[in-house]
Amino acid sequence: MGIWEHKDSMRSIEFAKEHNLATKCFFCKSDLEELIDSWDRPTGKDYPGSMVGDTCNASVCPVCGWWTIRKCSMDSFSEYLSYSKRAATATLKNLDISDQSTPIEDVKSFLTAKYEARKIVDPRLFEETVASVFGQLGYNARVTAKTKDGGIDVILDGPSNTIIGVQVKRSKNFITVSQIRELVGALMLGGIYTEGIFVTTSDYTSYAKDAAKKSTDNILPVKLYDAENFLSALHASQRNKYQSKQELLETLQNLNLHDIDKRTFDKK
Ligand SMILES: [Zn+2]
């Protein structure tokens, strides 16, 4: 179903006016990719020095899928020149990410676009998001059964027979040293793990970081992802998701664009 929509409301017109010439994504700040950049000047000689014709630009964010499109036309009449600029940008749908039935691909795109929503995402959906991100990054990832996870939420099979146990914690609070000890305990009791990863939507206390380092030095490697590290992994996993652009192009070309600027000039 996707997370973007095109609205005909006044608010969306204001948004298009403000963000139409953007080079960075309004939502996730990634560099936009140009989908169309064309210029048609059929009657340029009618009025020397003027830019008579049409231009069209459309760009999409390769990470979250936000898009923006603009068409300008300059028409020459006998006594007048008229200029019009029409545009549209995508607006974010109000996706319910506290609902477990929301499709995971939409959840990932939504979190990329609006990362503060990680604080309200359903915890199970967040585990699935983590599994999907690592899956996209090359691991064979699976979410463990809810009741008998033994403290491990996601299992990753990596290269050279590595088996990584992942603990996922959607939390507003810092992860404490005892939570790291629990993970190390769960990894050891599980008996199959070669490494551990902790992923949280917040951050770690310095004691928690020390505990992870001690485990890495003496027991088994434990890597910590805080909110920022996980956002980078999410971005990396989303990149190129919007590579197949034909469908988007067709949608954009058939949009009913908003008038955002219209002027008429006297030629004399
Ligand atoms: Zn974006």
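**Helix 6, length.** I began with helix 6, and I worked out that its twelve residues, at 1.5 Å a residue, should span 16 Å, which agrees with the 16 Å that I found between its end C-alpha atoms. I note here that the model I am reading is a predicted one.

**Helix 6, start.** I then looked for a cap at the N-terminal end of helix 6 and found aspartate 226, which has a side-chain oxygen 3.2 Å from the backbone nitrogen of glutamate 228.

**Helix 6, buried side.** Which residues of helix 6 are buried? I listed Ala227, Phe230, Ala233, Leu234, His235, Ser237 and Gln238. I reminded myself that an α-helix has 3.6 residues a turn, so residues three or four places apart point the same way. I also noted what the buried residues of helix 6 pack against, namely helix 2 (104-113), helix 3 (123-136), strand 10 (195-200) and strand 11 (222-225).

**Histidine 235.** I looked more carefully at histidine 235, which sits in helix 6 (residues 227-238), and I counted this histidine as buried because its relative accessibility is 16%, while the cut-off for buried is under 20%. Setting aside neighbours within four places in sequence, I found histidine 235 in contact with Cys28, Ser30, Val63 and Thr112.

**The zinc ion.** Cys28 led me on to the zinc ion, whose protein donors are the SG atoms of Cys25, Cys28, Cys61 and Cys64, lying 2.3 Å from the ion. Along the chain I wrote their spacing as C-x2-C-x32-C-x2-C. Why is the arrangement tetrahedral? I read angles of 98 to 119° subtended by the four donor atoms around the zinc ion, and these make the arrangement tetrahedral. I closed the entry by checking cysteine 25 and cysteine 28, and both are buried.

Terms used: Residues numbered from 1 in each chain as written. Predicted model: local features only at pLDDT ≥ 70, side-chain atom pairs only at ≥ 80, totals over all residues. Heavy atoms only, no water. Donors = N, O, S within 2.8 Å, 3.2 Å for Na, K, Ca; no water. Tetrahedral: all angles 85-135°; square planar, octahedral: opposite > 155°, others 65-115°. Buried < 20%, exposed > 50% of the residue type's maximum accessible area, 1.4 Å probe, protein only. Helix = DSSP H or I, 4+ residues; strand = E, 2+ residues; numbered from the N terminus. Contact = heavy atoms within 4.5 Å. Expected span 1.5 Å × (residues − 1). Polar contact = N/O pair within 3.5 Å; in protein donor to acceptor, adjacent residues only side chain to side chain.
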